[in-house]
Amino acid sequence: MCYVRAKYPIPFFLLLLSSRLLFAQTIQSSILSLNTTDSTQIEYNNDLPIIQVYVNNIAYNFLFDTGSGLTVISNEITPTSGKIGKISINGIPDSANIFLENFTIGHTAFGEVKCTQLDLYQFNKQTCVKIDGIIGANIINLLNWNMNSQSGTLYWSREPFKEEGMSIKVPLQYYGNLPLARVAYGGIDFYVLIDTGFNGFLVINEKKIKQSLKFKKVSKTYGIGKKFMTVNGIINGNQTLILVDTLLLGNKFITSIPTYCSQDKPLLGSALFRNYNVIFNFSDSIIFLTLYDFKGEKDLIRFGLNLELNDQNEILVAFVWKNSIAYKKGIRVGQRIVKINNTATENINKNDFCNLMISLLNQNSVLELTVLNKDKYKQVSLNKD
């Protein structure tokens, strides 16, 4: 029996780097130089794996995203070659397809790296996760990868990595060029996208999970507002959270998984994978997960709401859980927060907003808010849920 050590990890600012962004046409790249095994360091920001990539010999921070069908660069990066065509990404008809001549990870050079350019400014501003690009399947699928979040190291090789003892063995199938795994819960089975670009644990399609008798009995938490910030913008709507008691993944069960119920496709995210040493043997279409005592995890502080910074540098309530103390005390989506604890937040800049959000994640005491709603100020004290 394998266990996921988690306690409903609801970040103060929910983040989903939407892999649905990139169900684009399959565009492969090539490896120009790699002898045996190479490696680089991983830094985790909101549970998302960030590595250093060199584009035109300049270092940038890229998200390692197994759920992204195509590599992405910020429109602030100037490629050395021009546009080579158009592709449609998530309904955006005029996304530019770019050819990069100089793309290096570690000591490994890649050629024919086709990608798209997107404006990542709002995503970086709202999530406080600074990325310059996304490494997608047209690079990832070329190699095998060993992601060790405990040591903070990502290894890769042309040859498959060896299975470790007592590993969970997960066979892969593919949707286009994206990896899928078959799972089972409550008498139903379905495929999930393996998505290291999602910082949560598990998303299950609500229509599918309602077929399970367990869904009727499980405790549910409901929320409303701006659910997720993606590189394509904000996703609004209601949110349902449950705790999946047992999920069959590969040849073993994992337990107690915080799970979002969604109208979208099911997926497994990076918060789950951080509990394991993960081997992605794409050449064999197999993943191996070896559980270890995860030391990096914190009990995230939850006050029942998420915040955003608008274009006027005002902090607004973006999302509220309906059964939270915040909701019971009158906190609603769209209200303006003018003070947090002893910090005035009027006309706050992006850097100060991000520093404040980080400090709130680590806060263990009462959260004091001053809320402005319809020209009236209200003091609200919140304990963590």
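Q: Hi! Which residue stands opposite T37 in strand 15?
A: Hello! T37 stands opposite S157 there. Before we go on, this is a predicted model, where local features need pLDDT of at least 70, side-chain atom pairs count only at pLDDT 80 or more, and totals for chains, interfaces and linings use all residues. Residues are numbered from 1 along each chain as its sequence is written, and side-chain values use heavy atoms, with hydrogens and water left out.

Q: Thanks! How many bridges join strand 3 to strand 15?
A: Five, and the two strands run antiparallel, with strand 15 covering residues 153-157. Strands are DSSP runs of E with at least two residues, helices are runs of H or I with at least four, and both are numbered from the N terminus. Two strands pair if DSSP finds at least two bridges between them.

Q: What sheet do they belong to?
A: An open sheet of six strands, in the order 3-15-14-26-27-16, with antiparallel pairing. Strand 3 (37-41) and strand 16 (168-171) are at the edges with a single partner strand each, so one side of each has no neighbour in the sheet.

Q: Where do the side chains of strand 3 point?
A: They alternate: D38 and T40 point to one face and are buried, while T37, S39 and Q41 point to the other and are not buried. Buried means under 20% relative accessible area, exposed means over 50%, and partly exposed is in between, using a 1.4 Å probe and protein chains only. In general, side chains in a regular strand alternate between the two faces of the sheet.

Q: What about strands 14 and 26, how many bridges there?
A: Strand 14 (residues 144-148) and strand 26 (residues 276-281) pair in the antiparallel sense over four bridges. M147 stands opposite V278 in strand 26.

Q: Is N277 buried or exposed?
A: N277 sits in strand 26, and it counts as buried because its relative accessible area is 6%. Its side chain makes a polar contact with the side chain of N146, at 3.5 Å. A polar contact is a pair of N or O atoms within 3.5 Å; within protein, one must be able to donate a hydrogen and the other to accept it, and residues adjacent in sequence count only if both atoms are side-chain atoms.

Q: New topic: where is Q335?
A: Q335 is in the loop between helix 6 (325-328) and strand 30 (336-340). With 7% relative accessibility, Q335 is buried. A polar atom of its side chain lies 3.2 Å from the backbone oxygen of G330.

Q: How many aromatic pairs are there?
A: Eight turn up in a search of the whole structure. One of them is F198 with Y260, an edge-to-face pair at 6.5 Å centre to centre and 65° between the planes. Rings of Phe, Tyr and Trp (its six-membered ring) pair if their centres lie within 6.5 Å; planes under 30 degrees apart are stacked, over 60 edge-to-face, and the rest tilted.

Q: How many residues apart are F198 and Y260?
A: They are 62 residues apart, with F198 in the loop between strand 19 (188-194) and strand 20 (202-205), and Y260 in strand 24 (residues 252-262). Both F198 and Y260 are buried.

Q: And the whole chain, how many helices and strands?
A: Seven helices and 33 strands. Of its 385 residues, 56% count as buried.
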